[in-house]
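Biologist: I should like to go through this structure step by step. Please begin with one of its chains as a whole.

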Amino acid sequence: MNSTLIIARLTFREAVRRRIVLTALILGVCFLVIYSIGIHLIIGQISQVAPPALNQGAQSEGLNFLLMAGLYTITFLSIAMAALISADTLAGEINSGTIQTVVTKPVRRSDVVLGKWLGFAGLLALYLLLMAGGVILSMGLQTKYFAPNLLRGIGLIYLESLVMMTVALMLSSRFSALATGGAVFGLYGLAFIGGWVEQFGSLMHSQTTIYVGIVSSLIFPCEAIWRRAAFEMQSPLSGVLGMSPFSAISVPSGLMIVYAVIYALVALALTFSIFSHRDL
Amino acid sequence: MTFAIETNQLRKVFGDNAAVKSLTLQVQPGEVFGFLGPNGAGKTTSIKMLLSLIAPTSGGASLLGAPLGDRTVRSRIGFLPEHFRFHDWLSAEEFLALHGRLYGMSDQGLRQRINELLEMVGLAPFRNKQLRTFSKGMLQRIGLAQALLNNPDLVFLDEPTSGLDPVGRRLVRDIIHDLRRKGTCVFLNSHLLSEIEVTCDRVAFIKHGEVIQVVELKTLEDVKASVTIRAKGMSSETIAGLSQWGQDVRVDDEHISMAIANEMALPDITRYLVAQGADVFAVTPQRLSLEELFIQIVGTDGSL
């Protein structure tokens with residue numbers, strides 16, 4: 001078997017054995033149960049309060065808001081998951097010396113990195129499939145509402161978690177797990193506040209303010225990908241009406257998504273290089 | 001001829017500190033080579049350089065004829081690190097299977113090899129137990145099995161008996177003897193002089209990352225030895241006559257001790273004493289122990 005696949009399988013198996021998957025599964029199901037109950041109760045309230053002939057558009061507007069709230073939470077959980085599982089992996093194995101018997105086998109160090117990356121990418125895909133799939137299905141089965149461009153939106157959320165995971169992996173090839181965790185969440189915070197600055201800038205038609213946001217997205221493109229995902233999935237009307245916490249006014253362009261992909265690839269290449277050259 | 005290990009002025013500097021100053025040595029294929037030195041002499045750093053875990057600052061080396069860092073030659077090399085930790089959530093069998101696959105071994109051959117090795121290190125009853133439940137001694141044994149999975153031509157053992165009880169040490173010694181019989185070259189880094197003494201063909205003494213002396217242990221008995229003789233009825237002329245075979249003749253009642261050039265002198269000494277009419281009860285050669293040699297070569301300040 002190819003050594004990259006051996007490491008990928010090992011990474012995946014480790015997450016299962018160490019109960020990371022089980023914990024995520026149990027809490028994920030709890031999340032979905034609460035979300036579904038919430039949707040159920042809210043729909044009941046709306047049908048009592050609102051006049052029966054509430055127009056179709058306004059109703060789907062409300063449902064879109066609820067769906068986006070669910071997906072936004074899941075996005076945050078996915079990137080937290082991405083950072084947590086990958087921050088300790090290289091740092092921890094270098095620190096404990098576990099890595100020594102692995103890299104002295106006839107394998108490339110970059111194979112070890114790529115294997116871990118693939119293992120984590122698989123885990124994140126499963127997690128996102130469960131969580132986002134659960135939220136979308138829960139909404140769809142109860143209300144028959146499906147937001148537009150769901151597949152593209154979920155794909156973008158997946159890309160966001162991959163960017164986070166790759167950056168954490170890169171930092172973990174050089175720094176300790178704690179430093180890595182601190183750094184990636186710090187970067188995320190920076191991009192998050194930058195994103196809001198950009199939203200306000202857009203409302204106030206202030207080009208300079210928008211630039212601040214764009215620069216922060218260039219430093220760490222995670223939040224920008226979410227805004228693009230939200231834009232893809234939001235109902236046509238909310239884009240016109242204005243701002244909600246889960247929708248986007250200043251929409252990152254397709255170019256920003258291309259940038260994010262390149263950003264992740266460069267981070268992965270840097271991980272190869274750092275890990276291949278460092279003393280273990 | 002191709003050496004199993006050949007290094008040429010290998011050097012590693014961490015900041016201002018030269019952990020290994022200039023390591024030059026040659027290890028023959030099939031020999032058991034001891035690497036001996038005080039704490040901080042650069043032993044582990046040297047091994048790590050040879051295994052490409054750390055990059056040398058300067059100098060060069062080759063393993064089994066291939067330059068450092070050659071990936072394909074690693075399938076013929078085994079390694080048991082010092083202070084190792086493994087993926088402790090794996091069972092003994094899964095652990096060996098993982099490392100066997102990393103060596104590129106086929107599943108079929110691997111299964112058989114794992115059974116052999118678990119049997120050899122006495123862990124067959126624990127094959128399905130997770131490594132986290134293992135004692136330090138058991139981990140050392142499974143680590144050793146890991147280093148031998150690929151039937152290597154060259155094995156690096158960094159302190160293989162640390163954490164082992166006497167039975168475990170005996171086991172390691174037997175395994176090393178077995179490896180030598182099969183023609184495997186063993187590079188043994190150990191603090192335990194007695195262990196090096198009984199297992200190694202040659203030993204390099206290193207200090208501050210330099211080889212101070214390489215000694216052939218088989219010939220240790222030919223170099224400097226001493227002898228203790230218990231005999232009665234010796235005249236002072238008889239005793240004086242002993243000095244033709246050695247120096248430092250000391251007499252304490254019926255015990256005589258003296259330094260001799262080599263053991264070949266013993267039969268002559270015995271014949272001489274008998275011919276002089278002495279009653280000889282014992283002639284006991286005292287080999288210079290590796291410990292004495294170590295202190296002589298490396299000095300007592302070595303660990304500072």
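Biologist: What percentage of the 304 residues of chain B count as buried?

Modeller: Please note that the model is predicted. A residue is called buried here if 20 or more other C-beta atoms lie within 10 Å of its own. Of the 304 residues of chain B, the share that meets this criterion is 38%.

Biologist: How far apart do the C-alpha centres of domain 1 and domain 2 of chain B lie?

Modeller: The domain assignment of chain B places domain 1 at residues 5-217 and domain 2 at residues 224-287. The C-alpha trace of the chain spans about 75 × 50 × 40 Å along its principal axes. Between the C-alpha centres of the two domains, the distance is 44 Å.

Biologist: Which helix of chain B gives the most to the side that touches chain A?

Modeller: In the contact between the chains, 23 residues of chain B meet 21 residues of chain A. By class, the side of chain B has 12 nonpolar, seven polar and four charged residues. With four residues, the element that gives the most to this side is helix α2 (residues 92-102) of chain B.

Biologist: Why is helix α10 of chain A described as largely enclosed by the rest of the structure?

Modeller: Helix α10 of chain A covers residues 222-233 and reaches 17 Å from its first C-alpha to its last, close to the 16 Å expected. Its buried residues include Cys222(A), Trp226(A), Arg227(A) and Met233(A). The helix is largely enclosed because the buried residues number 10 of the 12.

Note on methods: Residues numbered from 1 in each chain as written. Chains lettered and ligands numbered in written order. Predicted model: local features only at pLDDT ≥ 70, side-chain atom pairs only at ≥ 80, totals over all residues. Contact = placed C-beta atoms within 7 Å. Helix = DSSP H or I, 4+ residues; strand = E, 2+ residues; numbered from the N terminus. Nonpolar A, V, L, I, M, F, W, Y, C, P; charged D, E, K, R; others polar. Expected span 1.5 Å × (residues − 1). Domains from an automatic or database assignment.
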